[in-house]
Amino acid sequence: MKTTVLIAFLSFAFLTSYSQPADTPSVPKIGFGLDLGLPFTEGYGSLIGGLVRLEYPIKSDLSATASLGYSRLSYDKELRDLLEAFGESGSDGVVPIKVGLKKYLSSPLYLQGELGLAIND
């Protein structure tokens, strides 16, 4: 299951929000995104999921972020068949919870760092 958590953290997040220039008035924003992931070890398939992200301005060029999502990790056919033979599901669900900071450099560039955890369902 450590691999599940690792894949969830290494997955790509494509958000529908855009970068806010530093001179724009600070208002909280909400965005929705898609998580996609590819396996780094044998036995696993792809990861797909969605997330909701809140961005709360601290200063004109700095924001706090929080995100919550749900991702589904599939297994390759051989492992899936083995798990299903024992009555287990052929995939796992993960709930990633992350917080972070976003620093606007110049429109549309920014740096963002996040820290979080993933909970198996």
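A contact here means heavy atoms within 4.5 Å of each other. Keep that in mind as you move through this predicted model; it will come back at the last stop.

**Start with the whole chain**

Colour the protein by secondary structure. You will find 2 helices and 6 strands, and reading along the sequence gives the order α-β-β-β-β-α-β-β. Of the 121 residues, 32% are buried. Among contacts with a separation of 6 or more, 53% are between residues 24 or more positions apart. Switch on the surface if you like: its accessible area is about 7,500 Å², and carbon and sulfur atoms contribute 67% of that.

**Stop 1: a nonpolar patch**

With the surface showing, select I30, F32, V52 and L54. These residues make a nonpolar patch with about 380 Å² of accessible area together. Which strands supply it, with at least two residues each? They are β2, residues 29-37, and β3, residues 44-59. F32, for example, sits in β2.

**Stop 2: a network of salt bridges**

Now hide the surface and show side chains. The structure holds 6 salt bridges, and a good place to begin is K29 with E55, where N and O are 4.0 Å apart. This pair links distant parts of the chain, with K29 in strand β2 and E55 in strand β3, 26 residues apart.

Keep E55 selected and add K102. The side chains of K102 and E55 also meet in a salt bridge, at 3.1 Å from N to O. K102 belongs to strand β5 and E55 to strand β3, so this pair ties together parts that are 47 residues apart in sequence. With both pairs on screen, you are looking at a network of salt bridges that links K29, E55 and K102.

Are these three charged residues buried or exposed? Buried means under 20% relative accessible area. K29 has 19% and therefore counts as buried. E55 is buried too, at 4%, and K102 is buried at 2%.

**Stop 3: K103 and D61**

Step along to K103. Its salt bridge partner is D61, and their closest N and O atoms are 2.4 Å apart. K103 lies in strand β5 while D61 is in the loop between β3 and β4, so the pair joins parts 42 residues apart in sequence. The two ends differ in exposure: K103 is partly exposed, with a relative accessible area of 35%, whereas D61 is buried, at 18%.

**Stop 4: a pair of tyrosines**

Next, look for aromatic rings. There are 2 aromatic pairs in the whole structure. Select Y44 and Y75: their ring centres are 5.5 Å apart and their planes meet at 45 degrees, so this pair is tilted. Y44 is in strand β3 and Y75 in strand β4, so the pair ties together parts 31 residues apart in sequence. Both Y44 and Y75 are buried.

**Stop 5: strand β5 and its neighbours**

Select residues 91-106, which are β5, together with residues 62-75, which are β4. The two strands pair in the antiparallel sense over 11 bridges. To pick out one position, select T65 and find its bridge partner in β5, G100.

Then add β6, residues 109-120, which runs antiparallel to β5 and is joined to it by 12 bridges. At one position, S106 stands opposite L109 of β6. β5 and β6 form a hairpin with 2 residues between them.

Zoom in on that turn and show the backbone of S107 and P108. What kind of peptide bond joins S107 and P108? It is cis, with omega of about 0 degrees. P108 is in the loop between β5 and β6. Most peptide bonds are trans.

**Last stop: D121**

Follow the chain past β6 to D121, in the segment after that strand. D121 has 56% relative accessibility, so it counts as exposed. Leaving out residues up to four places away in sequence, D121 touches Y70, R72, D92 and G93. To finish, place a distance label between the C-alpha atoms of D121 and V94: these residues are 27 apart along the chain, and the two atoms are separated by 5.9 Å.

Conventions:
Residues numbered from 1 in each chain as written. Predicted model: local features only at pLDDT ≥ 70, side-chain atom pairs only at ≥ 80, totals over all residues. Heavy atoms only, no water. Patch = residues over 30% accessible without salt bridge, like charges linked within 9 Å, V, L, I, M, F, W, Y side chains within 5 Å. Areas by Shrake-Rupley, 256 points an atom, 1.4 Å probe, with all protein chains shown as cover. Helix = DSSP H or I, 4+ residues; strand = E, 2+ residues; numbered from the N terminus. Pairing = 2+ DSSP bridges. Buried < 20%, exposed > 50% of the residue type's maximum accessible area, 1.4 Å probe, protein only. Phe/Tyr/Trp six-rings, centres within 6.5 Å; stacked < 30°, edge-to-face > 60°.
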